[in-house]
Amino acid sequence: MLPDLAPAELISLFRRMLLVRRWEERLIQLAAEGPSFGHYHVYIGQETIGVPALWALRSTDVVFPTHRNHGYLLGRGADPGRLLAEVLGKATGLNGGKGGTLHASAPELGIPHTSAIVGGVIPIAAGAALAARIKGRDQVSVAVFGDGAMEEGAAFETFNTAALWRVPVIFLCENNTRDALGAAAGGYPASIIAAADLCDIARSVGLPTAAVDGTDAGAVFAAMRQGAVRARGGDGPTFVEAVVSRWPGSSPLWPELPAGRTELRYAWAPQEAPERLALWYAERDGLLRYVRELLDASLATREELARIDSEVRAAVEQAVRFATDSAYPPADAAYDNVFASS
Ligand SMILES: Cc1ncc(C[n+]2csc(CCOP(=O)(O)OP(=O)(O)O)c2C)c(N)n1
Ligand SMILES: [Mg+2]
């Protein structure tokens, strides 16, 4: 279903999700062309989790994403050129090229820190929420993490303490194992997690939980909004599990475009999708599901969506020019911003 938002907002949400898709498709091409900027992960296939989740928050709320952070940074309005420059290690990057893809952040946009340490952001987000409450700030904090983080001790310890102290935090678990590991292993990565239902882990310490289809932007938006209302009302944390299938291009060690870039027409002409990804585009891609929902609700025409796509692709090309034309930081900047000064 579509999120409970005004029509213009629903279109803005689409534009933002499409920007994530187009920006990352281009990133994969850049990585293949070189020069190498090191290992990286993409958010393709999870746009209908992160972008609607951010839409359900206030701009003063803070979010702590994982190694798949591009979708959150772009979703919160980071400049596509400066994010790309950051990933490429350029001086014009969001963090002067020192965060790179895995640790890019935008504190001014409420993303103070992102981390590739699995589960690492969970206690940090809860700590930020506790600090905000102590300081009397009306601020909700969101920890974003994958299903893999659910076996980390820090996850359980944080759920427990946050529940005990009614900390204003939302735990957003992006479970991308539906199909792949999931179906064969009983629904979850059973090789590392004994719980048959990830929500059970949160329920064991009394957290309210919501398990939603992560391709359903409206369901994600509603669950996050409810979690934010609860947190702001002093009722403590919520655990939201958004379930999706891993995008086939994310399965190899290095992301790849298994069948070229996404074409919006696959949403209404599924027979034109490449065979290898036909099922994924037809049933598992939240972005194309959103396209179908917009069309079904007569909120946009195919032509209007195609025009937005052209605009987004032009913006991405501009970002590519900005980032590739930018210089690397000078050698003598190596120690700048590395150590905190009091
Ligand atoms: C503490 C820690 N252990 C192991 C790793 C290596 N590692 C990187 S990504 C990953 C899997 C993460 O799975 P999940 O949290 O479900 O995220 P996904 O990549 O599926 O989005 C692992 C084990 C790490 N980065 N940090
Ligand atoms: Mg995962």
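Trainee: In which loop does Gly93 lie?
Mentor: This is a predicted model, and the places named here are read from it. Two helices flank the residue, H4 (80-87) and H5 (100-103). Gly93 lies in the loop between helix H4 and helix H5.

Trainee: Is Gly93 buried or exposed?
Mentor: Buried means under 20% relative accessible area. The relative accessible area of Gly93 is 2%, so the residue counts as buried.

Trainee: How far apart in space are Gly93 and Leu164, C-alpha to C-alpha?
Mentor: In sequence, Gly93 and Leu164 are 71 residues apart. In space, their C-alpha atoms are separated by 40 Å.

Trainee: Which residues coordinate the magnesium ion, ligand 2?
Mentor: The coordinating atoms are an OD atom and an OD1 atom, at 2.2 to 2.3 Å. The OD atom belongs to one residue and OD1 to the other: Asp147 and Asn176.

Trainee: Where in the chain are Asp147 and Asn176, and how many residues apart are they?
Mentor: Asp147 is in the loop between strand E2 (141-146) and helix H7 (153-165). Asn176 is in strand E3, residues 169-178. The pair links distant parts of the chain, and the separation is 29 residues.

Trainee: Are Asp147 and Asn176 buried or exposed?
Mentor: The two residues that coordinate the magnesium ion are Asp147 and Asn176. Asp147 and Asn176 are both buried.

Trainee: Which residues are around ligand 1?
Mentor: The list includes Asp147 and Asn176, and these two also coordinate the magnesium ion. Also around ligand 1 are Ala116, Ile117, Val118, Gly146, Gly148 and Ala149. The list is completed by His67, Arg68 and Arg246.

Trainee: What is the distance from an oxygen atom of ligand 1 to an N or O atom in the side chain of Arg68?
Mentor: His67 has a polar side-chain atom 2.8 Å from an oxygen atom of ligand 1. For Arg246, the distance from a polar side-chain atom to an oxygen atom of ligand 1 is 2.8 Å. For the side chain of Arg68, the distance is 2.6 Å.

Trainee: How many residues in the lining of the second largest pocket are charged?
Mentor: The pocket holds about 170 Å³ of space. Its lining is made up of Asn95, Gly96, Lys98, Pro329, Ala333, Asp336, Asn337 and Val338. The lining divides into 3 nonpolar residues, 3 polar ones and, as charged residues, 2.

Trainee: Which residues does the cis peptide bond join?
Mentor: Most peptide bonds are trans. Here omega is about 0 degrees in a cis bond. One partner, Pro35, is in the loop between helix H1 (7-33) and helix H2 (47-55). The bond joins Gly34 and Pro35.

Trainee: What is the phi of Arg166?
Mentor: Most residues other than glycine have a negative phi. Arg166 lies in the loop between H7 and E3 and is partly exposed, with a relative accessible area of 44%. Its phi is positive, near 50 degrees.

Trainee: Is Ser298 buried or exposed?
Mentor: Ser298 has a positive phi, near 55 degrees. Its loop runs between helix H12 (286-296) and helix H13 (302-325). A residue is exposed over 50% relative accessible area. Ser298 has 65%, so it is exposed.

Trainee: What is the relative accessibility of Ala126?
Mentor: Ala126 lies in helix H6, residues 121-134. Its C-alpha atom is 37 Å from that of Thr324, 198 residues apart along the chain. Ala126 counts as buried because its relative accessibility is 9%.

Trainee: How far apart in space are Trp268 and Ala282, C-alpha to C-alpha?
Mentor: Trp268 lies in the loop between strand E5 (238-245) and helix H11 (278-284). At 28% relative accessibility, Trp268 is partly exposed. Trp268 and Ala282 are 14 residues apart in sequence, and in space the separation is 9.3 Å.

How values were computed: Residues are numbered from 1 along each chain as its sequence is written. Chains are lettered from A and ligands numbered from 1 in the order in which they are written. This is a predicted model: local features need pLDDT of at least 70, side-chain atom pairs count only at pLDDT 80 or more; totals for chains, interfaces and linings use all residues. Side-chain values use heavy atoms; hydrogens and water are left out. Donors are N, O and S atoms within 2.8 Å of the metal (3.2 Å for Na, K and Ca); water is not among the atoms, so sites may look incomplete. Helices (H or I, at least four residues) and strands (E, at least two) are DSSP runs, numbered from the N terminus. Buried means under 20% relative accessible area, exposed over 50%, partly exposed in between (1.4 Å probe, protein chains only). On a 1 Å grid over the protein atoms alone, a cavity is a set of points where a 1.4 Å probe fits but cannot get out, and a pocket is an open set with protein on both sides within 12 Å along at least five of seven lines; lining residues have an atom within 4 Å of a point. Grid points are joined across faces, edges and corners, and a volume is the space filled by probe spheres set on the points. Ala, Val, Leu, Ile, Met, Phe, Trp, Tyr, Cys and Pro count as nonpolar, Asp, Glu, Lys and Arg as charged, and the others, Gly among them, as polar. A residue is near a molecule or strand if one of its heavy atoms lies within 4 Å of it. A polar contact is a pair of N or O atoms within 3.5 Å; within protein, one must be able to donate a hydrogen and the other to accept it, and residues adjacent in sequence count only if both atoms are side-chain atoms.
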